[in-house]
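Good morning, colleagues. Please turn to the structure on the screen, and I shall take you through its sheets and the helices that pack on them.

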Amino acid sequence: MKMNFCSAFFFLLVSLYPLPQILAKESNGHISVVILGATGDLARKYLWQGFFHHYMEQVASGNSFSFYGGALAEADQGNPALFEILKGLRCPSDVDQQKCALLKEQFLKLSQYRQLRTAEQYSALHEEINTQLKQEELVEAGRLFYLSVPAFAYVEIAERINSSCRPTTGGWLRVVLEKPFGHDYDSAQSLAMDLDKFLRKDEMYRIDHYLGKQAVAQILPFRHENAKLLYPLWNQHHVEKVEIVLKETLDVKGRAQFYNQYGVIQDVIQNHLTEILMLIAMEIPYNANDPQEVLGKKLKLYTNLQDLSRRSAVVGQYQNFNSEVKAELNKTVDYVSNTATFAGVAVYIENVQWDGVPFLLTSGKSLDERVGYARIVFRNPTFCVQNEEAMHCKLRQVIFYFGHGSLQYPAILVSKSLFKPILPSGWKEVTEYPELTLLGQPLSEYYIYTPVTQSEPYTILISLIFQGKHDSFVSTENLLASWKFWSPLLHSLSLHMPRLYPGGNDNNNFLDFELKGRELSFIQEPVVISSNIQDEISVDSFQITQGKYRQNEMVSAWAEELISRLSADLQKVAEESVRNSGQFHMALSGGSTPIALFQRLALHHYTFPWKKTHFWMVDERCVPLDDPGSNFKTLHDYLLQYIKVPYYNIHPMPVYLNQRLCVEEDSGAEAYEKEILKLVNDTSFDFILLGVGDDGHTASLFRNSKFEMHKDKLVALTESPSKPHQRMSLTFSAINKAKNVAVLITGKAKHEMITQLSRVKDDAKKWPITAVKPTSGKLIWYIDYDALLG
């Protein structure tokens, strides 16, 4: 064997490691490591450091190494960039300086930059690796490719690796893929299918660096070691809630292009926090080191997750995000992003163990502190009559603390009021700690454990990749199950503007949210300020704006805040009417626009005077009342079935008489008018809710109708230009007698209509809504920012 640089370095190791240990491991083979995106932010902060640490640990194992930093830049740019990164590598504090300097020098000599842009350059790299193996008479153990590049490049790189860079002598191939793995179920499935064409499943390592965090990696072992203590408690009967939290103080500067495309749920909740939920809630596998058994338990749990609805989440966006995106991506002045930078999501599991227990997943940018933890809060059945400071009266919780925050180090904390856990392997008990309160308890009230040696997640996961272990990585099946669960919520949120928040400490309790039933809502109402419609309305404002529209009062906000305000105003009117007359009569229009209002009233207005409220219809399609197109059915399905109201207070329009629909001879309109005359004082409704169609119609009063024929009527049969053509509707005479009329308009699709309507004169033939002019009552326009600003 001829002398080469690696052989020469072998003799230097004798002074650092026992010779028998080196000789025993000398023939394990050569490993080539290729880092794609080698000069990027992730590689600079974590990857090179992780590979260097692994090299330090394995230098005496008998493997030899070569490290290639690959990127798109030419060598004259890439070489100095890589050298600057390698110069900054650090050794652990327990390694003496002489050994560190020697190992670092050798690592630098084994590392080199390669431009990897074309198929020919990948082929050239393959030839170079083979030449080195031949010249130095090395046996190839394997090749590791780490793809720290955008996901759109994965398939092309995988194809090139497969066609020209595979080991030729039986060595293994391992390809590491960084998130994001798609942006929803369809894109993730498509990406997985494309990668399967070039790489076997056992060759792919989808990395989620949170699975390398020491506190996260300890969740299953902790549950297994303490199974006897936890088994009676780890269920719906004893767990009050589970919180999985990742808070960040940073904004997205420098990452605006990525973040604006994905947002907080795709960035961290769909992957990091969901994986942690799985580890907490899944059945304990018999063998936690068997990736197939672990996967089976996770997939079983995914099938038990309750589907998410729009009301399962609250979302926010820090106030400067939109301006940062516009500046970094050169967007136009009027650009508005609806990407969420904060989210809280309530996840429920429909099985015997966890039924009814909320798993609250929360993450956000520009918050008050950087911290991450998973917290299992147990119910305390003890009632303390006198001494509430006794230990058995205290909070009962288990916390997996990922790091940062006030504690600063990874830890497992168990309330002393719960039990004393078995010491995790490789961890030590903390007996000295500052006077600090953590999540509601002083540190003195916890048993606290922390790793004997702290390690970076990437260092841990890189070591596992070299060992060929898949149990801490995300399989295709697991990935697709997660996206299948999250994609419906993401699609529904894509049409929703997040609540804007100031950022940092100024947030105060503005982002605090609460559970009502199984739905989430922010607890704090937005601040109300006065403005004028002619003033510039900032799209970054998180406030409700009041102004004028068509000479009448207007309230505008993002949709969620607008509905909240409308429902609050409606309740005030109802309470005042009941105080004055003992009854509240309101008429409600149909369509999809008021559904959000109905849901808000059903879920949040428990003190509404429902028993004194009479429900009337503004208009109705001439279909059976149980038909999906019926306005009354919408009212019933989203509101009436959830509240207690006397049946005789519900007044659907009589469109179905004598086993036929809206036949004039059946006098259905006249019958409804008589009922109004009998029950509604002076035929003046206390409140009428209207919408506006794209063509300017309101109720079922359409363009070019002969409104003069309705002059002396309260109710009339009308014709719609769209099916079903026949309708029944309150007339303008009835509407304009009302004490309060609200016009609710939401959605970007209504922006053009709103703009035109703001400019036209009153013309009922072309714009029926302009005929709404309460004689002695009040008209208020409720318009969301999507409709108002576009």
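What follows is a short account of two sheets, one after the other.

Please bear in mind that this is a predicted model.

I begin with an open sheet of six strands, paired in parallel and ordered 3-2-1-4-5-6. Its edges are formed by strand 3, residues 111-115, and strand 6, residues 204-206, each of which pairs on one side only. From one strand to the next, the twist averages 20°.

Within this sheet, consider strand 4, residues 140-147, and strand 5, residues 172-177: six bridges hold them in parallel pairing. As one point of reference, R143 has L173 in strand 5 as its bridge partner. Helix 15, residues 457-467, packs on this sheet and touches strands 1, 2, 4, 5 and 6. The direction of helix 15 makes about 150° with that of strand 5.

I turn now to the other sheet. It is open, has 10 strands in the order 14-17-13-12-11-7-10-9-8-18, and its pairing is mixed. Why do strand 14 and strand 18 each have one side without a neighbour in the sheet? Strand 14, residues 427-429, and strand 18, residues 499-501, stand at the edges with a single partner strand each, so one side of each is left free of a neighbour in the sheet. Direction ignored, neighbouring strands here are turned by 15° against each other on average.

Strand 7, residues 239-247, runs antiparallel to strand 11, residues 371-378, and eight bridges join them. There, V239 has F378 in strand 11 as its bridge partner. Finally, helix 12, residues 256-281, lies across strands 7, 9, 10, 11 and 12, at about 145° to strand 10.

Conventions: Residues numbered from 1 in each chain as written. Predicted model: local features only at pLDDT ≥ 70, side-chain atom pairs only at ≥ 80, totals over all residues. Heavy atoms only, no water. Pairing = 2+ DSSP bridges. Helix = DSSP H or I, 4+ residues; strand = E, 2+ residues; numbered from the N terminus. Axes fitted to C-alpha atoms, helices over the stretch in contact; angles between N-to-C directions. Contact = heavy atoms within 4.5 Å.
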